[in-house]
Structures are given as structure tokens and as C-alpha cells.
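Please take a first look at the structure below. The paragraphs after it go through its enclosed spaces and then one residue.

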Amino acid sequence: MALLSVSPVRLRPALGLLGLTVAPLLAGLPACRTSSTPAEPTPAPAVADAPSAPAEAAPEPEPEPEPAPEPEPASPPEPEKLVAPDGTVIEPCGEVPEGMACIPGGPFIRGTDDGPKNTRPAETIWLQTFYMDLNEVTYQEYKTCQKSKQCLRGGPLYNDFNHPRQPITGPSWYAAVKYCEVKGKHLPTEAQWEKAARGPDGNLYPWGNEEATCERAIIQDERGRSCGVQKKKEQPWKGKPFEIGSRPPGVYGLYDMSGNSWEWVYDWDSRSYEACGDECRGTDPKGPCGGKEPCRGHEKRVVRGGSWYWDETYATGAYRRTHYPANEREVEFHHFGFRCSASLEEGKAIVEAQKAAKAGGDDAGAAAAEGETAEPAR
């Protein structure tokens with residue numbers, strides 16, 4: 001049923017007569033539009049901004065790979081060893097005993113083509129590596145060994161030759177061999193001595209080819225024997241050897257290989273290397289009969305190096321002098337000295353003994369002091 005549209009203003013007096021109020025009735029009626037203008041829309045409540053998503057963190061850079069370790073440097077290849085014509089492999093120097101020098105093995109030029117006849121010809125000889133004493137054996141060293149009863153009696157006949165650091169002079173060849181054996185060494189062969197004095201290239205002297213002078217060696221010069229230094233008491237003009245090491249060292253660091261005192265070597269003499277033949281050639285030659293006794297046709301051994309008594313022509317690394325090995329006073333006596341050498345095997349044993357002596361606290365000074373007092377001059 002359709003409802004009549006009645007204005008509330010017109011109803012209000014009529015209803016008042018009936019004792020009714022308008023408000024309750026109006027409350028139940030739907031609101032009437034008073035205007036055709038549309039209502040303003042109610043604004044939507046403001047919506048709070050949604051929290052923004054956290055910005056993605058920048059990715060950490062990947063760590064750089066550790067560099068590959070550098071390869072260890074390769075060990076240098078060992079030098080190829082020399083091999084002598086007879087197949088002998090030349091060994092390198094080992095640990096060098098105190099008081100010695102290593103003489104590297106290999107070929108060297110021995111002899112001369114224009115020197116004294118017994119030094120001819122110049123030839124290439126091979127040696128195994130060995131060691132050589134830096135100095136000539138001293139008076140003190142020899143007398144200490146003699147007092148211990150291990151060495152043979154021997155020494156100078158001249159006065160003023162008995163100072164502790166002078167080279168021993170006067171022992172026989174046999175006494176020199178014995179001393180070296182006691183020390184675990186050997187008397188050098190002639191070839192070993194010449195290599196140690198001249199080096200591999202055939203120089204005439206330990207320092208090269210310049211002539212010997214008193215600045216380089218203890219020899220006779222224009223002032224007289226022993227560079228003009230006279231010995232005490234009788235026959236002063238004969239001079240005397242100086243203390244070891246008074247002049248600069250030569251090749252391999254050895255002292256007094258030229259001048260000061262002649263030095264015994266192991267070999268029997270020969271008229272020349274050519275006459276000696278195969279016994280003086282090859283690898284590690286030892287001369288006639290290999291140096292052994294008896295040796296038919298040979299009576300003398302060789303001495304080398306010159307001395308305070310003779311001029312520069314005797315002080316070369318090639319000059320060969322000979323003498324009877326017994327060096328007897330009644331026959332013919334000379335004031336010769338010597339030094340020792342050692343093979344690689346002997347050198348190794350010497351090094352071990354030296355280390356053991358140090359570890360054991362041996363008082364080497366006490367032993368050396370035993371020879372401090374010189375024998376009375378004769």
C-alpha cells in the first residue's frame with residue numbers, strides 16, 4: 001500500500017490535539033530527502049602508510065680466491081762430476097779439516113817444456129780431490145810428537161833454527177812419513193805437491209808467473225840469504241827460515257809453497273817425467289815403484305819448493321831437487337822440512353776426531369804448550 005507523503009509541520013498541530021508528540025513518530029519514519037543535491041561522500045579514513053619493505057642488502061662481494069702457493073724453486077742440478085780417463089770419478093771437497101785446505105781434483109798441467117831436464121815434458125795429469133796442510137810442520141809441532149815417542153828423532157843442526165813457529169828442518173824422509181801417519185795423513189806425492197803449488201793451469205809460482213821476490217817468498221836475494229836476515233852466532237851469513245806464514249798465501253790459500261824451507265815429497269826421483277813413463281802419468285801417479293821400497297835403480301827421494309838459502313830460480317812450483325831419504329849426518333845432511341796431505345777418507349776421519357776432541361773438552365792448548373820450550377841450540 002502506498003504511503004502518503006505528509007509534511008511533519010502540518011501533522012504537528014493535529015497530533016498535539018490528540019496528545020501525541022511528533023518526535024517518536026517521526027523517529028520511525030524514513031528520512032525524507034529535502035534536497036536533490038547528493039550528499040558529500042564521507043571521506044574514507046586515512047590509511048596509514050604500510051611500512052616499506054626493508055631494502056635488500058647489497059650482496060657481499062665474493063672473497064677473492066687465495067693465490068696459489070708459489071712452487072718452491074727447484075734445486076739447482078748437481079754439477080756433473082768429472083771423470084778421469086781411467087774412469088775415476090772426481091769427488092767434490094768434503095768438510096775441510098782445520099789447518100788444511102781442499103785441493104779440488106781434476107786435470108792439471110805438471111812439468112815444463114823449457115825448464116830443467118828433469119821437469120820435462122809438460123803433461124796433463126789427473127788427481128782425486130785431496131787436502132793439504134796450510135803450513136809447513138813447525139819445530140814445536142814436530143818436537144811435541146817426538147816427545148810423545150810417536151815420532152822419530154829429527155831436527156836442525158844449526159843454532160837459531162829452534163823457534164816454535166819456524167818450520168822443522170832436518171828430519172829424514174822416513175821421519176816425515178812417520179809424522180804424517182801419526183796425524184792420520186800422508187806425505188804428499190810429488191804430483192799432489194805440484195798441483196797445490198801451481199794450481200790447475202801450470203803457473204810457475206803459487207801466485208802466478210811473476211818472478212819470486214822477497215815480498216812474496218823467503219829466498220836469497222841481492223842482500224843475501226833469507227832476504228838478508230842473518231842467523232845468530234856462528235856463520236850468520238847462512239841465514240835461517242822465517243816463521244811460517246810470513247808471506248801472503250798462494251793458490252788454494254797455502255803458505256810458503258815457494259821458499260822458506262825445502263819440503264820432502266813421497267816419490268822416488270827420476271831423470272825426467274818422460275824417463276819415468278807410465279808410473280808418472282795417469283791418475284794419482286806416485287812415481288817409480290809407486291814410491292815403495294826397495295826400488296831398483298833409485299836411491300834418492302824428491303824435495304820441492306826452494307828455501308831461504310837459494311835464489312828465486314829454485315823457488316818455482318816445478319823445480320825438482322833430490323836427496324838421500326835417510327838424511328844422515330855422516331853422509332850428507334840437509335835442513336829440509338815437510339807438510340802433510342790427506343785423502344778424502346783421511347780428511348773425514350780427521351774432521352770427526354777434531355769434533356770429538358772439542359766435544360770432550362780436550363785442552364789442545366796444554367798439548368801445544370808441551371812443545372813451547374825450544375831445544376837448546378846446537
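In this predicted model, the largest cavity is lined by Pro206, Trp207, Arg216, Arg247, Pro248, Pro249, Gly250, Leu254, Tyr255, Asp256, Met257 and Ser258. Sorted by class, seven of these lining residues are nonpolar, two are polar and three are charged. The space inside this largest cavity is about 60 Å³. It belongs to a set of three cavities of 30 Å³ or more, found by searching the whole structure. Rolling a probe the size of a water molecule over the atoms shows where empty space is left.

The second largest cavity holds about 50 Å³. Around it are Arg110, Glu190, Ala191, Asp267, Tyr273, Cys280, Pro285, Lys286 and Gly287. This lining divides into four nonpolar residues, one polar residue and four charged residues.

Tyr273, part of the lining of the second largest cavity, also leads to Thr119, since Tyr273 is among the residues that Thr119 touches. Where does Thr119 sit? Thr119 is found in the loop that runs between strand E2 (106-110) and strand E3 (123-127). Arg110, another residue lining the second largest cavity, falls at the end of the range given for strand E2 (106-110).

Is Thr119 buried or exposed? Thr119 counts as buried because its relative accessibility is 1%, and buried means under 20%. Leaving aside residues up to four places away in sequence, Thr119 touches Gly111, Thr112, Tyr273, Ala318, Tyr319 and Arg320. With one of these, Thr112, there is also a polar contact between side chains, at 2.7 Å.

Note on methods: Residues numbered from 1 in each chain as written. Predicted model: local features only at pLDDT ≥ 70, side-chain atom pairs only at ≥ 80, totals over all residues. Heavy atoms only, no water. Helix = DSSP H or I, 4+ residues; strand = E, 2+ residues; numbered from the N terminus. Buried < 20%, exposed > 50% of the residue type's maximum accessible area, 1.4 Å probe, protein only. Polar contact = N/O pair within 3.5 Å; in protein donor to acceptor, adjacent residues only side chain to side chain. Contact = heavy atoms within 4.5 Å. 1 Å grid on protein atoms, 1.4 Å probe; cavity = no way out; pocket = protein on both sides within 12 Å on 5 of 7 lines; lining within 4 Å. Points joined across faces, edges and corners; volume = space filled by probe spheres on them. Nonpolar A, V, L, I, M, F, W, Y, C, P; charged D, E, K, R; others polar.
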